[in-house]
Amino acid sequence: MQPDILRFPTPEPTPPVEPEPPRSGALPLPTVFVPPTWSYRHLTRPLAELAGLDAAELDRLGTDGWELAGIVNDGQAAHFFFKRLLQ
């Protein structure tokens, strides 16, 4: 059985907010929009061992900035997908 492939689309960039009109004698500040860039991580745990991710491992990943984005079970293993913003 072929496992499903997860594809995470990059969100559409939001338009920049219009800056306030300049005060007398002040120049307007430039607005630059930079779309976010994501990093992904994939962890696999065999189902036969019943070894998932424990709270300590999830806490460590969260402290490092990783957010659990999805879990897929292919019958043999559980696949955990994480994402975080690139610095």
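Hi everyone, let's start at the tail end of the fold: Gln-87 sits in the segment that follows strand 3. Please keep in mind that this is a predicted model. Is Gln-87 buried or exposed? Its relative accessible area is 95%, so Gln-87 counts as exposed. In sequence, 48 residues separate Gln-87 from Ser-39, yet in space their C-alpha atoms are 9.5 Å apart.

Now to the sheet. It is an open one, built from 3 strands in the order 1-3-2, with antiparallel pairing. Strand 1, covering 38–46, and strand 2 are the edge strands, and each of them pairs on one side only. On average, neighbouring strands in this sheet are turned by 20° against each other, ignoring direction. As a general reminder, side chains in a regular strand alternate between the two faces of the sheet.

Let's look at one pairing in detail. Strand 2, residues 67–73, and strand 3, residues 77–85, run antiparallel and are joined by 6 bridges. If you want to trace the register on your screen, find Glu-67, which stands opposite Lys-83 in strand 3. Then go to Asn-73, whose opposite number in strand 3 is Ala-78. Strand 2 and strand 3 make a hairpin with 3 residues between the strands, and there Gly-75 takes a positive phi near 95°.

Next, the helix. Helix 1 spans residues 55–63 and lies across strand 1 and strand 3. Relative to strand 1, helix 1 runs at about 170°.

That brings me to the charged residues, which I think you'll enjoy. How many salt bridges does the count come to? The count is 2. One of them is between Glu-57 and Arg-45, where the closest N and O atoms are 2.7 Å apart. This pair links distant parts of the chain, with Glu-57 in helix 1 and Arg-45 in strand 1, 12 residues apart. Both Glu-57 and Arg-45 are buried.

Glu-57 also forms a salt bridge with Arg-60, and here the closest N and O atoms are 3.9 Å apart. Arg-60 and Glu-57 both belong to helix 1 and are 3 residues apart, about one turn of the helix.

Why do we call Glu-57 buried? Because its relative accessible area is 17%, and the cut-off for buried is under 20%. Arg-60 has 40% relative accessibility, so Arg-60 counts as partly exposed. Put together, Arg-45, Glu-57 and Arg-60 are linked in a network of salt bridges.

Thanks for listening!

Definitions and conventions. Residues are numbered from 1 along each chain as its sequence is written. This is a predicted model: local features need pLDDT of at least 70, side-chain atom pairs count only at pLDDT 80 or more; totals for chains, interfaces and linings use all residues. Side-chain values use heavy atoms; hydrogens and water are left out. Two strands pair if DSSP finds at least two bridges between them. Helices (H or I, at least four residues) and strands (E, at least two) are DSSP runs, numbered from the N terminus. Axes are lines fitted to C-alpha atoms, for helices over the stretch in contact, and angles run from 0 to 180 degrees between N-to-C directions. Contact means heavy atoms within 4.5 Å. Buried means under 20% relative accessible area, exposed over 50%, partly exposed in between (1.4 Å probe, protein chains only). A salt bridge is a side-chain nitrogen of Lys or Arg within 4 Å of a carboxyl oxygen of Asp or Glu.
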